[in-house]
Amino acid sequence: MMIVAQITDTHIRPPGSLAYGRVDTGAFLAQAIAHINALDPAPDVVILTGDVADTGAVEEYDHVVKLLAPLKAPLLALPGNHDRRETFRAAFAGRMELPSGNAHLSYAVERYPLRLVMIDDTVPGKPHGEVTAGHVDWLENTLASEPEKPTLVAMHHPPFLTGIGHMDVQNCRGAEALAEVLSTHPQVLALACGHVHRNILTRFAGKPASICPSQAHAVSLALGPGAPSSFHMDPPSLHLHVWQDDGSRFGSLLIHQSFIGDIDGPHPFFIE
Ligand SMILES: [Fe+2]
């Protein structure tokens, strides 16, 4: 078994500063890390799928590095539209290996039974994401190099519509080309995204695709093109991607949603 805990869109600001004048995102991240550290069994790795900082300022990354220090599991992070690639790279240089030469910070992680392919789809200065011809080439070569290894692909922006209009206008462009690559690689078991701060499940390129819920503020569940841009403080949670060797060619992969906070339980079903 391999467990990948996914957190996302932490939107960390400098200490003492609230996101949107209201959300203490640092406290929510600290709570999420304590939750992950207490999981039994512990996750093999934690992926953080972008919007790590809120504005990309250096002080925000200094804060996030301090907040992440107690995390016991190895961390793999991707930038989102609120991040800045170079400050992001500098902040995580001591904690994880990131590619140095790429225009985009995409990379593959080979050391686990479930291979992790992390796509940086951010477009500097823009809220939307994009899979360019360069991403497609990199992804095709990366996937073609390990055709028999079960693989989870992660990226910040979803390449599919959610029905939440103000988020859909800033999703990942180039979805057709991305789908073409993913659909030709049967070892890709699923696609995991962030950006929308909600628990959303669908199918993309014929594979299960998900958006990880928020560990802090959720985008309001307001469907329709004209729905206002707002957030709700839904109960925080995260995704656990659980891969198991079930004897099949690529094994099985599924998602559990793990709620964070003071939750009543466990209570035994049978009392003697
Ligand atoms: Fe985002």
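**An iron site, a pocket and a cavity**

Student: Which residues coordinate the iron ion?

Tutor: This is a predicted model, so let's start at the metal. The donor atoms sit at 2.1 to 2.2 Å from the iron ion. Two of them are OD and OD1 oxygens, and the others are NE2 and ND1 nitrogens. They belong to D51, N81, H156 and H195.

Student: What do we call the arrangement of the four donor atoms around the iron ion?

Tutor: Look at the angles: they run from 85 to 160°. To count as tetrahedral, four donors need all angles between 85 and 135 degrees. The upper end here goes past that, and the angles make the arrangement irregular.

Student: How many residues apart in sequence are the parts that D51 and H156 tie together?

Tutor: Along the chain, the donors follow the spacing D-x29-N-x74-H-x38-H. D51 is in the loop between β2 and α2, while H156 is in the loop between β7 and α5. So the pair ties together parts whose separation in sequence is 105 residues.

Student: Are D51 and H156 buried or exposed?

Tutor: Buried means under 20% relative accessible area. Both residues, D51 and H156, count as buried.

Student: Which class has 10 residues in the lining of the largest pocket?

Tutor: This pocket has a volume of about 240 Å³. Its lining has 16 residues, and Y20, M167, H197, V219 and S229 are the closest to the centre. Five lining residues are nonpolar and one is charged, while the class with 10 is polar.

Student: What is the volume of the largest cavity?

Tutor: Its lining includes T8, F28 and Q215. The structure holds one cavity of 30 Å³ or more. The largest cavity's volume is about 30 Å³.

Technical notes:
Residues numbered from 1 in each chain as written. Predicted model: local features only at pLDDT ≥ 70, side-chain atom pairs only at ≥ 80, totals over all residues. Heavy atoms only, no water. Donors = N, O, S within 2.8 Å, 3.2 Å for Na, K, Ca; no water. Tetrahedral: all angles 85-135°; square planar, octahedral: opposite > 155°, others 65-115°. Helix = DSSP H or I, 4+ residues; strand = E, 2+ residues; numbered from the N terminus. Buried < 20%, exposed > 50% of the residue type's maximum accessible area, 1.4 Å probe, protein only. 1 Å grid on protein atoms, 1.4 Å probe; cavity = no way out; pocket = protein on both sides within 12 Å on 5 of 7 lines; lining within 4 Å. Points joined across faces, edges and corners; volume = space filled by probe spheres on them. Nonpolar A, V, L, I, M, F, W, Y, C, P; charged D, E, K, R; others polar.
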